[in-house]
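The following paragraphs lead the reader through selected local features of one protein structure. Please keep the sequence and the model in view while reading.

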Amino acid sequence: MVKTHEWSPTSRGKALGLRASGRVPLQEITNITVIPKSTVHDINTRGTGINKARSGRPRKLSSGDIRQIIRHIRLNKSTRRLSLSVLKRDLHLDIHEHTIRRALQQVGYYHRVARRRPYLNKRDRSRRLKFAKKHRDWTKEQWATVLFSDEMAVKLFMERRSKDYVWRTTEEEYHPDCINYGRRPIGVGLMFWGVFRKGKMGPGLFFDMDKGETVNSTVYQDQILLGPLQQFWEESFEDIALPIVMEDNAPIHKKVCIPAREALGMPVLDWPPNSPDLNPIENIWSYMKDIIAKDYGEVSSAAEMKKII
């Protein structure tokens, strides 16, 4: 295909004016404007220096097609996660997947990693809001009195979590259909416990369990509450007038543990259910698990994994 030259409206207008004057020969107009004679003749015949309107390549997706794709995406949380190939199949689109992606991006829809949030029912959300209102004015000094503790389950041959992608706009970042409500995996491997407070790292240890035995409130009381946690709490009185222990609402922290804390006079932070993201120790667990999955995923020995942790 011969590549054509697109003359500017200024050059075309100049050629048209010279031709209209009737005093400049056609060849001289070509020499002045560098526009071929045939083009100068065509410009003069049309009587305008404006280029002809060109249809160009027709769009593969009309505005109606794009609206249909968006409606399909926004149906529910499952359709938000459809791949381009599935979108193409479901909507019977005879176009390339890249074309669909570009069309969606032009109207603000991108394939983003879903935000991870704990699942909260209506009652949990109410309790969480109540907790936030109660503690939103706490000072740094008040938070410095809290001892944050938690357990971390680590499986051998850990796999890295796959990313959950969703179609959304910037404003839909926290839309319910665009959230990854991650639940805790069923089953555990090694169970590790740790505690810390501002400026002070507490003890960290593994539960001493026989094969097939699970952690319950009695095990937690004997191995953690009346052991390293009590010791760390009592040591904190050196710096804090009244240390407060933070434990989540797991069943192992209840039953026999409740009277044990009362006997010690150990105050606890009233914690909303299903709120691991509010506990800063979760950032430590996440950091550790990322390293384990990335660098030590092939480790099969429980003893070796304990050393690594």
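In this predicted model, Tyr287, Ile291 and Tyr296 together make a nonpolar patch of about 300 Å² on the surface. One member of the patch, Tyr287, belongs to helix H11, which covers residues 281-295. Tyrosine 287 has a relative accessibility of 57% and is therefore classed as exposed, since the cut-off for that class is over 50%.

The next region is the loop that connects strand E8 (244-246) with helix H10 (257-264), where proline 251 is located. Proline 251 counts as exposed because its relative accessibility is 64%. Its C-alpha atom lies 6.9 Å from that of serine 217, although the two residues are 34 positions apart along the chain.

Lysine 255 also lies in the loop between E8 and H10. Its relative accessibility is 65%, so lysine 255 too counts as exposed. The backbone of lysine 255 deserves attention: phi is positive, at about 50 degrees, although the residue is not a glycine. Most residues other than glycine have a negative phi.

A comparable backbone feature is found elsewhere in the chain. Histidine 92, likewise not a glycine, has a positive phi near 55 degrees. Histidine 92 sits in the loop between helix H5 (84-90) and helix H6 (97-106). With a relative accessible area of 71%, this histidine is exposed.

From these surface positions the description turns to a pocket. The second largest pocket has a volume of about 280 Å³. It is lined by 13 residues, of which His253, Lys254, Ile258, Arg261 and Val268 are the closest to its centre. What is the chemical character of the lining of this pocket? Six of the lining residues are charged, five are nonpolar and two are polar. For the residues closest to the centre, the classes can be assigned by name: Lys and Arg count as charged, whereas Ile and Val count as nonpolar.

The last position to consider is valine 195. Valine 195 is part of strand E6, which spans residues 190-197. Is this residue buried or exposed? Its relative accessible area is 2%, and valine 195 is therefore buried, as the limit for that class is under 20%. Threonine 218 follows at a separation of 23 residues in sequence, and the C-alpha atoms of valine 195 and threonine 218 are 19 Å apart in space.

Key
Residues numbered from 1 in each chain as written. Predicted model: local features only at pLDDT ≥ 70, side-chain atom pairs only at ≥ 80, totals over all residues. Heavy atoms only, no water. 1 Å grid on protein atoms, 1.4 Å probe; cavity = no way out; pocket = protein on both sides within 12 Å on 5 of 7 lines; lining within 4 Å. Points joined across faces, edges and corners; volume = space filled by probe spheres on them. Patch = residues over 30% accessible without salt bridge, like charges linked within 9 Å, V, L, I, M, F, W, Y side chains within 5 Å. Areas by Shrake-Rupley, 256 points an atom, 1.4 Å probe, with all protein chains shown as cover. Salt bridge = Lys/Arg side-chain N within 4 Å of Asp/Glu carboxyl O. Helix = DSSP H or I, 4+ residues; strand = E, 2+ residues; numbered from the N terminus. Buried < 20%, exposed > 50% of the residue type's maximum accessible area, 1.4 Å probe, protein only.
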